[in-house]
Amino acid sequence: MDTTAIQESLAQEMITEWSFVPTGNGLLIITNWRLPNMQNIEIHIRRIGEREDLYLVTDGGELFNMFYLMGLDISSDRDAMDIISRVAQGYGAKLVDGQMVKGANEGDFQGAIRRLLEAVKEASFLLWGRVPEGHFSKH
């Protein structure tokens, strides 16, 4: 068994259906990982200021927006905020202005993307049960 070949093919398979869209100061990655409402999770990577070696990896507020559209205002729900904060911290990220964010440099932004993606997915499923009745059938 060729471990290197397996690792390379697995790595390729993991991002095969991802879209990479350049933006003015970074990159938007549309993954094939899904939120509980079946929307694709999007990750934004932005340069920090004029620096070419520092990045901000964020969900762009997608998690908060999805729940808000489904009738749950996370920012006014202390328990929900605590859950998201704990999940974010577990992946080395923070909550800033309704976004899950993680700083990265050129050498580790790939890992930051993966960790943030995992954090968004985990938090979304932990909070899914808080969506008010009747909103499940709309999406």
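Here are some numbered notes on this predicted model, going from confidence to the core, then to the surface and two loop residues.

1. Start with how far to trust the model. The mean pLDDT of the protein is 90, and 96% of its residues reach 70 or more. Among the elements, helix α3 has the highest mean pLDDT, at 96, and α1 the lowest, at 84. Keep a general caution in mind as you browse: where pLDDT is low, the predicted coordinates should not be read in detail.

2. Next, look inside. The largest nonpolar core is made of 35 residues. If you want places to click on, try Ile 43, Val 57, Leu 63, Phe 67, Ile 74, Ile 84 and Met 100, which have the most contacts inside this core. The elements giving two or more residues to it are the strands β3 (40-47), β4 (54-58) and β6 (99-105), along with the helices α2 (62-69), α3 (78-90) and α4 (109-127). Which element gives the largest share of this core? That would be α4, with nine residues. As background, nonpolar side chains in soluble globular proteins tend to be buried together.

3. Now zoom in on Ile 43. Leaving aside residues up to four places away in sequence, Ile 43 touches Leu 27, Leu 28, Ile 29, Val 57, Thr 58, Ile 113, Leu 116 and Leu 117. One of these partners, Val 57, is also on the list of core residues with the most contacts.

4. Then go to the outside. Leu 10, Met 14, Ile 15 and Phe 20 make up a nonpolar patch on the surface, and together they have about 360 Å² of accessible area. Helix α1 (residues 3-15) supplies the largest share of the patch, three residues. Remember that α1 is also the element with the lowest mean pLDDT.

5. Take Ile 15 from that patch, which sits in helix α1. Is Ile 15 exposed, partly exposed or buried? Ile 15 counts as partly exposed because its relative accessibility is 34%, and that class lies between the cut-offs of 20% and 50%.

6. Finally, check two backbone angles. Met 38 is not a glycine, yet it has a positive phi of about 75 degrees. You'll find Met 38 in the loop between β2 (26-34) and β3, and with 52% relative accessibility it counts as exposed. Asp 97 isn't a glycine either, and its phi is positive too, at about 50 degrees. Asp 97 lies in the loop between β5 (94-96) and β6, and it is exposed, with a relative accessible area of 74%.

Key:
Residues numbered from 1 in each chain as written. Predicted model: local features only at pLDDT ≥ 70, side-chain atom pairs only at ≥ 80, totals over all residues. Heavy atoms only, no water. Patch = residues over 30% accessible without salt bridge, like charges linked within 9 Å, V, L, I, M, F, W, Y side chains within 5 Å. Areas by Shrake-Rupley, 256 points an atom, 1.4 Å probe, with all protein chains shown as cover. Salt bridge = Lys/Arg side-chain N within 4 Å of Asp/Glu carboxyl O. Helix = DSSP H or I, 4+ residues; strand = E, 2+ residues; numbered from the N terminus. Buried < 20%, exposed > 50% of the residue type's maximum accessible area, 1.4 Å probe, protein only. Core = buried A, V, L, I, M, F, W, Y, C linked by side-chain atoms within 4.5 Å. Contact = heavy atoms within 4.5 Å. pLDDT = per-residue confidence, 0-100.
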